[in-house]
Amino acid sequence: MENELAPKQLLHHFELGKRAVFLKQLSSGLLLVTGPYQINGVPLTRIKRKYVIATKTKVDLGELVVPEEVNDKFFSPKKPINNWEKTEEKFFTKKQELKKVGLNESQTKLQNQVDKSVNDAIKKVQYLKEYLTARFQLQKGQLPHKMKF
């Protein structure tokens, strides 16, 4: 794999088997990627570099600027809401579940904003949408370090 990744480059996430578009490197060293979500289900997320394989394919995103709000703090885990009552009767009679905290509206807006510009760029290239929706899989005997992507 090359030492330097260029923004707007396509990556294979070999753990998930999906392809994604590399947007930028965050201050923690993690890579900010998107699928986009509407095409292959990869949301705006960060992944470790050792889990991706860079390709030669690049997407012309024009003047896409990733908002400053999208940083490592943007992806910090949200604490679940604890609705357990601390009484002995409730503890032994019925176990209540923690409510999961999903994405808030601002995170959803940022996801849609970035994905819209990436989707527009993908539509301009023939067969790129089909390439992104296909899963990446290795068969027996295929060595990724000897392949050219």
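Which residues of α3 are buried? Keep that in mind while you get your bearings. This is a predicted model, where local features need pLDDT of at least 70, side-chain atom pairs count only at pLDDT 80 or more, and totals for chains, interfaces and linings use all residues. Residues are numbered from 1 along each chain as its sequence is written, and side-chain values use heavy atoms, with hydrogens and water left out.

**Whole chain.** Color by secondary structure and you should find four helices and five strands, running β-β-β-α-β-β-α-α-α from the N terminus. (Helices are DSSP runs of H or I with at least four residues, strands are runs of E with at least two, and both are numbered from the N terminus.) Of the 149 residues, 33% are buried; buried means under 20% relative accessible area and exposed over 50%, with partly exposed in between, using a 1.4 Å probe and protein chains only.

**Select 105-124.** That's helix α3, with 20 residues. Its first and last C-alpha are 29 Å apart, close to the 28 Å expected at 1.5 Å a residue; the expected span is 1.5 Å times one less than the number of residues. Now for the opening question: the buried residues here are Gln107, Leu110, Gln111, Val114, Asp115, Val118, Asn119, Ala121 and Ile122. They sit on the same side of α3, because they cover an arc of only 160° around the axis, taken from the directions from the helix axis to the C-beta atoms. Spin to the face turned away from them and you meet exposed Glu105, Lys109, Lys116, Lys123 and Lys124.

**Show the cover.** Add β2 (18-25), β3 (31-34), α1 (37-40) and α4 (128-133), which are among what covers the buried residues of α3.

**Zoom in on Gln111.** Gln111 is buried, at 11% relative accessible area. Its side chain makes a 2.4 Å polar contact with that of Asp115 (a pair of N or O atoms within 3.5 Å; within protein, one must be able to donate a hydrogen and the other to accept it, and residues adjacent in sequence count only if both atoms are side-chain atoms). Leaving out residues up to four places away in sequence, Gln111 touches Thr34, Tyr37, Pro43 and Leu44, contact being heavy atoms within 4.5 Å.

**Finish in the core.** A nonpolar core is a set of buried Ala, Val, Leu, Ile, Met, Phe, Trp, Tyr and Cys residues joined through side-chain atoms within 4.5 Å. In the largest, with 20 residues, pick Leu23, Leu32, Leu44, Leu61, Val70, Phe75 and Val118, which touch the most other members. β2, α3 and α4 each give two or more residues to this core, and α3 gives the most, with five.
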